[in-house]
Amino acid sequence: MNAGDIASRLDDRLDIDAYADIDASPNGLQVGPASQPVDHVAVAVDAAVETIDRAAEAGADLLVTHHGIVWGGMERVTGSHYRRVAPLIDDDLALYVAHLPLDGHQTLGNAAGVADLLDLGNRAPFGSMGGEHIGQRGTLAEPTTVSELASSLEGKLDTGGEHVQVLDFGPSTVEDVAIVTGSGVDWLQEAAETGADVLVTGEGKQQAYHEAREAGVHVVLAGHYATETFGVQSLRETVADWGLETTYVDCPTGL
């Protein structure tokens with residue numbers, strides 16, 4: 001199998017064309033020839049120098065990441081772009097990227113992974129963006145407190161030793177959970193309008209404190225990296241089913 005074959009399969013599975021007009025990241029094969037033979041696929045959250053080097057050391061031919069190296073175009077291959085492109089070329093390592101399509105996929109995506117972790121039922125797409133969705137929503141099997149929910153996530157997620165933060169402004173017990181992984185506090189108003197008790201996301205912004213307080217919705221900040229490991233691990237299982245050797249490159253940031 002070559003890089004182009006794998007990219008085409010993943011493109012179709014993740015429906016990346018649907019996100020083409022709303023994602024700053026060009027999804028799909030970002031670096032490398034489509035003709036490159038691939039026997040070993042590494043997956044990681046970030047296409048950083050460390051993950052690229054570790055993928056190459058593991059003998060991978062293709063690196064699949066959630067965060068790529070191109071955001072809104074690339075005019076010059078200098079600075080951080082050069083530092084990341086150079087080792088990919090030197091080590092004959094192709095790069096495939098799935099950003100928003102991997103956030104919003106309702107079975108393989110990051111939000112779906114967090115929902116699995118919480119064993120949510122009655123699931124539905126959440127986090128509207130340009131006609132698509134980048135999150136998921138569902139209900140807990142039993143109502144709980146937001147502190148218990150946060151403790152559960154802290155015990156199960158790879159937070160890099162950091163605590164899960166809570167903006168405690170919602171009801172005394174929570175049942176209806178909205179999820180947008182990574183940097184998802186921009187969907188706080190949607191959570192409030194649709195009746196969610198809590199929004200689970202990765203990282204916050206200053207204004208989220210007051211918005212959550214005014215809306216009467218809890219916000220759980222469980223870490224950008226920690227909430228976005230699920231999608232690439234789902235893709236690892238997918239390509240393994242295609243008969244390819246796989247490696248997961250874990251590089252938690254604590255952020």
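**Surface patches and one ring pair: exercises**

Glu57, Asp90, Asp91 and Asp92 cluster in a negatively charged patch on the surface. Keep in mind that this is a predicted model, where local features need pLDDT of at least 70, side-chain atom pairs count only at pLDDT 80 or more, and totals for chains, interfaces and linings use all residues. Residues are numbered from 1 along each chain as its sequence is written, and side-chain values use heavy atoms, with hydrogens and water left out.

**Exercise 1.** Place Asp90 and decide whether Asp90 is buried or exposed.

*Solution.* Start with the fold: Asp90 sits in helix α3 (residues 79-90). Now the cut-offs: buried is under 20% relative accessible area, exposed is over 50%, and partly exposed is in between (1.4 Å probe, protein chains only). Asp90 has 61% relative accessibility, so Asp90 counts as exposed.

**Exercise 2.** Find the aromatic pair and work out which parts of the chain the pair ties together.

*Solution.* There's one aromatic pair in the structure (ring centres within 6.5 Å; planes under 30 degrees apart are stacked, over 60 edge-to-face, the rest tilted). Phe169 and Tyr209 make up this edge-to-face pair, at 5.0 Å centre to centre with 90 degrees between the planes. Phe169 is in the loop between β7 (165-167) and β8 (174-179), while Tyr209 is in helix α8 (residues 206-215), so the pair links parts 40 residues apart in sequence. Next, check exposure: Phe169 is partly exposed because its relative accessibility is 21%, and Tyr209 is partly exposed at 35%.

Note on methods. Patch = residues over 30% accessible without salt bridge, like charges linked within 9 Å, V, L, I, M, F, W, Y side chains within 5 Å. Areas by Shrake-Rupley, 256 points an atom, 1.4 Å probe, with all protein chains shown as cover. Salt bridge = Lys/Arg side-chain N within 4 Å of Asp/Glu carboxyl O. Lys, Arg positive; Asp, Glu negative; His and termini not counted. Charge placed at Lys NZ, Arg CZ, Asp CG, Glu CD. Helix = DSSP H or I, 4+ residues; strand = E, 2+ residues; numbered from the N terminus. Phe/Tyr/Trp six-rings, centres within 6.5 Å; stacked < 30°, edge-to-face > 60°.
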